[in-house]
Amino acid sequence: MERTILDQIYLHNVAEFEERALLPGRRLQRFPREVREALTDKGRTKAAESSGCELRFVTDANVFRLTLAAQEKDGQVLVFKGDLFHAAYTLKAGVLTTLELEQPDRFAEVPEALLTSAAFAPQVWRVYFDRYSAIVADIDTFGYGIRPPRKEEMPSLTMLAYGSSITHGVGALSHYNCYAQQTGRRLGVDVLNMGLSGSCFCEPEVARHFAAREDWDFAYLELGVNMRAVVPVEKFETRVNRMLDEMIQRHPEKPIFVTTIYPNRATHFFDTSHPYAVAELAFNDVLKRYWETKRHKQLFLLDGREIMTEFTSLTTDLIHPSEYGHMRMGEQLARLLQPEVERLRMAKKREDDNK
């Protein structure tokens, strides 16, 4: 995976940095082309969204200019300095926009320890893209130095998150506030958000891609709701088993968390014979059966009801969390993951100390 632009910028959650013909610059792709083109029609468009992609860099420039574009629709870009929010901008579809960014002078007025108590070092600029195809055209530091962040300036652990539109962030006003990202912030870990709205179908190509990646320390998989009453239970079981088998075989020491389907309207249908209700129970049983049969020490099955705890934290479509719902889910999921994450963090620290 290409990770830098001329060795100057770190590309987070970017599998490919793709040249585009319509606008100057390169498009940020979360999935490689061979994976994107193996998905459903809807999946191909959702996989092209740069949601959760970030540019990360450190520069000596007091003022610099960054030229960006949104390809197919207007979208928001958020800028952070370390863990602190700096500014939000709207990119107009098909139009190059140049942002002029300036170092926050108030950082010099407080003890540095106050700025370094979370996941990122305060000198790291982070440019975070929402749910659209983002294009990076240029960065001008007026001759001042620019470099990617060093390892110690970013979180030491990374979570790979895969799931439906819920994981992809639908219902949150900004993708940055979706429950997967909120979980990462609470745990102090990086997040590779690979959510696919309406198209989390566990294709073999996706399974192979996740298994082949070496850039995650633990995985969180929200499986089932998109295939409910669309994919037969037997096919769901085959796909889920293959995905988990491949990830476990390639990464036997990495924790993999799987959740049952989050409560939604189908969970509480008056008519329990409804196809959605029947499939939801059957799909949850598939996950439980795999966990019970596999007995892999690093495979953890979570109950979606312990993550989505308040039915009224949904939006009126009765399936997607609201902004509040994403916040509550992030709190709950972080609590459930924290013991294993702390174990991983201590193990990595020992490993680094012994180098």
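**Entry 1: the parallel sheet**

I take two strands as paired if DSSP finds at least two bridges between them. I am working from a predicted model. With that rule I looked up strand 14 (residues 218–222) and strand 15 (residues 256–259), which pair in the parallel sense over 4 bridges. I checked one position of this pairing and found Leu-221 opposite Val-258 in strand 15.

I then followed the sheet outwards. I find an open sheet of 5 strands in the order 13-12-14-15-16, and its pairing is parallel. Strand 13 and strand 16 stand at the edges. Each of these two has a single partner strand, so one side of each is left without a neighbour in the sheet. From one strand to the next I read an average twist of 20°.

**Entry 2: the antiparallel sheet**

I looked up a second sheet. Here 5 strands form an open sheet in the order 2-3-10-5-8, with antiparallel pairing. At the edges I find strand 2 (16–19) and strand 8, each with a single partner strand, so one side of each has no neighbour in the sheet. The twist from one strand to the next averages 35°. I note for reference that strands of a sheet pair through backbone hydrogen bonds, parallel or antiparallel.

I went through pairs in this sheet and wrote down a position for each.

- Strand 3 (residues 26–29) and strand 10 (residues 134–140) are joined in the antiparallel sense by 2 bridges. I find Val-136 in strand 10 as the bridge partner of Arg-26.
- Strand 5 and strand 10 run antiparallel and are joined by 6 bridges. I find Ala-70 opposite Ala-134 in strand 10.
- Strand 5 and strand 8 pair in the antiparallel sense over 6 bridges. I find Glu-102 in strand 8 as the bridge partner of Val-63.

**Entry 3: salt bridges**

How many salt bridges does the model hold? I get a count of 33.

I started with Glu-100 and Arg-65, because strand 8 and strand 5 were already on my page as a pair. Their side chains form a salt bridge, with 2.7 Å between the closest N and O atoms. The pair links distant parts of the chain: Glu-100 belongs to strand 8 (residues 97–102) and Arg-65 to strand 5 (residues 63–70), 35 residues apart. Is each partner buried or exposed? I read a relative accessible area of 48% for Glu-100, which is partly exposed. Arg-65 has 36% and is also partly exposed.

Next I looked up Arg-213, which forms a salt bridge with Asp-215 at 2.7 Å between the closest N and O atoms. Arg-213 has 3% relative accessibility and counts as buried, because buried means under 20% relative accessible area. Asp-215 has a relative accessible area of 23% and is partly exposed.

I then took Asp-303 and Arg-305, whose closest N and O atoms in their salt bridge are 2.7 Å apart. Asp-303 counts as partly exposed at 23% relative accessibility. Arg-305 is exposed, with a relative accessible area of 56%, because exposed means over 50%.

I also noted a network of salt bridges that links Glu-16, Glu-18, Arg-27, Arg-33, Arg-36 and Glu-37.

**Entry 4: the largest pocket**

I turned to the pockets. The largest pocket holds about 660 Å³ of space. I list 31 residues in its lining, and Lys-151, Glu-152, Met-154, Pro-155 and Ser-156 lie nearest its centre. Strand 1 (10–12), strand 13 (190–193) and helix 9 (323–353) each supply at least two residues of this lining. Which element gives the most? I find that helix 9 does, with 5 residues. By class I record 10 nonpolar, 7 polar and 14 charged residues in the lining.

**Entry 5: the second largest pocket**

The second largest pocket has about 320 Å³ of space. Its lining has 19 residues, and I find Thr-267, Glu-280, Leu-281, Asn-284 and Arg-305 closest to its centre. Arg-305 was already in my notes as the salt-bridge partner of Asp-303. Helix 8 (275–294) and strand 16 (299–302) each supply at least two lining residues. Strand 16 is also an edge strand of the parallel sheet in Entry 1. Helix 8 gives the most to the lining, with 7 residues. I divide the lining into 10 nonpolar, 4 polar and 5 charged residues.

Notes:
Residues are numbered from 1 along each chain as its sequence is written. This is a predicted model: local features need pLDDT of at least 70, side-chain atom pairs count only at pLDDT 80 or more; totals for chains, interfaces and linings use all residues. Side-chain values use heavy atoms; hydrogens and water are left out. A salt bridge is a side-chain nitrogen of Lys or Arg within 4 Å of a carboxyl oxygen of Asp or Glu. Buried means under 20% relative accessible area, exposed over 50%, partly exposed in between (1.4 Å probe, protein chains only). Axes are lines fitted to C-alpha atoms, for helices over the stretch in contact, and angles run from 0 to 180 degrees between N-to-C directions. On a 1 Å grid over the protein atoms alone, a cavity is a set of points where a 1.4 Å probe fits but cannot get out, and a pocket is an open set with protein on both sides within 12 Å along at least five of seven lines; lining residues have an atom within 4 Å of a point. Grid points are joined across faces, edges and corners, and a volume is the space filled by probe spheres set on the points. Ala, Val, Leu, Ile, Met, Phe, Trp, Tyr, Cys and Pro count as nonpolar, Asp, Glu, Lys and Arg as charged, and the others, Gly among them, as polar.
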